[in-house]
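Let's take a walk through one part of a protein model, step by step. Keep the 3D view open and turn it as you read.

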Amino acid sequence: MKDAAQFGPARARSRQVLMLALVVGMSIAAYLAYNVWDRIRALDSAQQDHAEWVFTQIEIEFLKTDRALTQAQSATPEALVEFRKRFDIFYSRVLLAERVRNNAEAKPQIRELRVLLDSFLPVIDGTDAQLAAALDDIDTMLRTVEDLPREIALASIAIANEMSQNERHEIVRLIEVMAAIVLIVTLALVGAVYRLSRQASRLNRTSQMVEENHLRLAKTLQASLDAIVVINERGEIEDFNGSAEEIFGITHEAAKGRNYVSLLIPPADRTAHHKRLMKFRETGETEVADKGRREFEMIDQNGRIFPVEMSVSQSPSAEGSLFIAYIRDITEKRQREAEIITARDEALDAYQEKSRFFAMMSHEMRTPLNGVISALQLLQDDRLDNEQKRYVDAAMTSGEILLSHINDVLAIERSEAGTYEQVQQTCGMTVLMAGIINTMEPLAEAGGTRLHLDLTRLEDKPIVTDPRAIQQILVNLLSNAIKFNPGGDVTLRGWFAETSTKAGEEFHLQVEDDGSGIPAEDIDRIFEDFVSLDSRYERRTGGTGLGLGIVRRLVKRLGGEIKCESILGKGACFTIRLPVEVVDAVQADPSDNISDLHEKRIEQAPAVRLNLLLVDDNEINRDLIKAMLERIGHEVTLASGGREAIALAESAAFDTILMDISMPDVNGVQATKAILSGDGPNQTTPIIAVTAHALPKERAEFATVGMSGFLQKPLDMKVLRARLQEIAVREVMPDQPLPVRLTNAQTLVQGKFAKRPLLDERQMADLFDLLGDEKLRERVQKLIDQVADDLPNLMAAASLPDLQARAHGMAGMCGMLGADRLHGLLKEIETACKTDKHEGARGLCEALPGTWCATQAAMKAQVGL
């Protein structure tokens with residue numbers, strides 16, 4: 001059957017080619033026969049005789065003309081008329097002979113004769129006197145050409161013989177070709193008869209094979225474990241195998257010819273099946289056949305309704321389409337699925353209990369740990385002798401280690417629960433990597449490890465990603481490298497690379513050390529949770545073994561991959577590939593670019609004494625946090641619960657409220673709602689959550705009720721000081737924080753350049769580092785004064801060359817000090833002047849005052865003018 005299916009199309013093509021060859025051969029033979037007949041008939045025509053007669057008549061008419069010339073010399077009018085007539089006849093015979101085909105050999109003589117005759121036409125057509133005077137010349141001419149008529153006649157005889165011979169040869173050739181074609185067609189017919197006899201023999205063998213295969217298929221269907229039911233397009237059962245008999249409890253004889261809908265389909269589903277059959281008969285479209293596996297319900301002989309998995313194939317037949325249904329009883333499968341779902345639900349319940357346990361333990365462990373670390377931080381600021389300081393440092397280190405363990409466990413929990421907060425924002429990887437290196441430098445110095453930052457392959461360009469996740473990844477990788485490589489070198493690299501797909505670019509991060517390396521059999525294990533290769537009793541390194549597990553989860557959440565390569569004794573190299581979205585510099589959010597400068601200005605802002613309300617139900621925490629706040633330099637009012645905090649907030653104004661969350665009676669969320677929605681003086685006061693609750697959904701709830709920030713217990717005095725210092729900066733500059741002011745300033749200018757940032761923040765940062773605050777303020781003030789003088793003159797410039805020169809000079813000043821949008825606008829004006837676009841240049845000038853106003857505001861805010 002397979003061979004028949006494979007060679008069937010080839011045989012059909014062979015038959016088609018053979019028939020085409022026979023038709024072509026017979027057509028050619030018919031065409032040749034017609035040509036032979038046509039040429040034989042042409043031999044019977046007078047065409048050649050006519051040509052010979054024409055050429056012979058030239059000689060005859062020449063003689064007659066010569067005789068008429070002799071008579072005309074008597075000069076009688078009758079003789080002259082007779083001569084003109086004979087001359088005209090002779091001339092017409094010459095013209096007729098010139099037009100005869102196949103006169104190549106006689107043509108020169110005929111042309112010569114005609115030319116001579118043409119020279120006497122004016123005399124012939126003239127008067128009798130003129131003709132009589134020219135008779136002697138005509139006689140001389142005739143004596144000159146008297147041999148030409150004879151030569152023309154003889155040449156015509158030769159031409160006629162040659163043409164006859166050529167016709168005979170052509171007829172013979174056509175007869176020979178026709179005989180060859182007839183022979184070929186005859187052979188083709190013989191071949192066709194032979195081939196047809198072979199095909200008839202092969203067809204008999206194929207029919208026998210088909211019959212055998214049909215019997216084999218019938219046996220296979222009977223032995224199939226799946227029920228196989230063959231149905232015609234009317235819904236009648238054509239075949240019913242043994243497995244179908246077992247599943248439905250119906251014999252083959254009882255099922256054959258019955259309608260499958262009434263026999264095998266439950267009453268509730270019969271209408272839908274009838275509609276499917278009717279739709280197929282009307283449109284030829286099927287909803288089930290050749291659509292893959294589908295699940296239905298069917299009914300057996302005893303009325304039991306059970307689920308089945310069915311796959312239907314459509315097969316054409318002489319009497320219409322047949323549908324072959326493969327049916328499998330999936331009752332046991334459904335039962336197993338139900339058991340799995342039940343087990344899954346139980347596991348989810350257990351997981352939720354675990355999550356609640358982690359949340360509770362996070363709060364219950366962080367609360368006392370807050371007291372311990374806060375007390376130790378307060379002790380560190382006191383005057384201690386060396387031994388006391390050593391003990392406090394040891395306790396502080398132990399507390400930080402315990403806190404890091406808690407954070408690691410909670411990070412795993414957040415990742416598995418899918419509650420990790422991904423904050424997508426624009427950032428530069430050069431700044432991020434340099435910041436991480438600076439952060440990890442003290443830890444590296446403590447272990448004698450040298451940190452290196454390799455940016456040779458990094459083309460710094462802004463990308464959209466989750467910088468907090470990347471920071472956590474790098475901190476964990478660098479911490480491990482420093483921990484397991486004391487006294488060695490650790491290198492952090494980054495670079496962009498094109499991907500092999502259409503996804504765009506990806507960013508590569510690499511952390512490499514030259515330490516002891518990782519055994520090949522342990523490389524896959526290191527990314528598992530709670531796995532630490534340094535598990536000896538005398539282990540030199542600490543940790544829970546969760547760091548790389550957290551890294552793996554974070555990389556996966558960012559859509560990337562991480563791999564480790566290591567040679568034992570030569571170090572390890574971790575490489576991360578992250579898909580990133582590269583954005584144009586003009587599309588970057590200015591508030592993201594200036595965050596570092598903003599934090600720097602906050603640190604340099606003058607100290608401001610704030611009036612704070614501290615709310616906490618734990619007396620130890622309350623006293624310790626109060627001591628930390630007073631040590632920083634702020635005034636503190638205490639509230640032991642939410643109700644007391646509401647009362648205090650209604651009676652006195654505070655700069656900031658630090659609010660605990662888990663408190664009896666009235667919790668921190670309820671207290672915040674009451675304060676912000678009340679009529680007291682603290683309706684707009686920033687309220688910061690100070691709590692051990694760290695889950696993202698809890699932080700989202702804090703923001704929803706109006707809290708301005710979040711501080712996680714145990715409190716770090718540096719973090720607490722920085723957060724309050726930010727609020728202090730807002731008190732010094734009460735209008736708006738720097739990023740918001742710059743964003744608002746940008747909205748003053750719309751149009752073509754609105755997408756470009758007002759300031760090139762990277763250049764501003766470089767100027768801060770190069771010149772310092774004071775000198776940069778002086779430069780900015782000089783620019784402001786200079787533009788104030790030059791801008792009116794530029795706007796009033798009468799000619800394009802003058803406008804071009806002034807725009808060029810101002811663009812150079814603005815570009816040097818990072819005024820990106822104004823610089824771009826001035827360069828566009830300069831280009832418009834160079835290309836003589838007067839209206840375009842003037843139109844761009846209209847945007848200069850607004851752009852300069854926004855740029856000036858941004859610069860003043862940036863440098864503190």
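Below, we look at a sheet and then at the helices beside it. Keep in mind that this model is predicted.

Start with the sheet. It is an open one, made of five strands with mixed pairing. If you step across it from strand to strand, you meet E7, E9, E10, E12 and E11, in that order. The two edges are E7, at residues 450–454, and E11, at residues 561–567, and each of these pairs on one side only. On average, neighbouring strands in this sheet are turned by 15° against each other, direction ignored.

Now zoom in on the E11 edge. E11 runs antiparallel to E12 (residues 571–579), and seven bridges join the two. To see the strands lined up, find Cys 564: opposite it, in E12, stands Phe 574.

So what packs on this sheet? Look for helix H15, residues 429–446, which touches E7, E9 (489–498) and E10 (505–513). The direction of H15 makes about 175° with that of E7.

H15 has a helix partner too: H16, residues 467–483. The two pack at an angle of about 35°, their axes 10 Å apart, and H15 passes H16 in a right-handed crossing. Which residues in H15 and H16 meet there? From H15 come, among them, Leu 432, Ile 436, Met 440 and Leu 443, while H16 brings residues including Ile 470, Leu 474, Leu 478 and Gln 471. Sort the residues of this contact by type and you get 14 nonpolar, two polar and no charged ones.

Note on methods:
Residues numbered from 1 in each chain as written. Predicted model: local features only at pLDDT ≥ 70, side-chain atom pairs only at ≥ 80, totals over all residues. Heavy atoms only, no water. Pairing = 2+ DSSP bridges. Helix = DSSP H or I, 4+ residues; strand = E, 2+ residues; numbered from the N terminus. Axes fitted to C-alpha atoms, helices over the stretch in contact; angles between N-to-C directions. Contact = heavy atoms within 4.5 Å. Left-handed = near helix turned anticlockwise from the far one by under 90°. Nonpolar A, V, L, I, M, F, W, Y, C, P; charged D, E, K, R; others polar.
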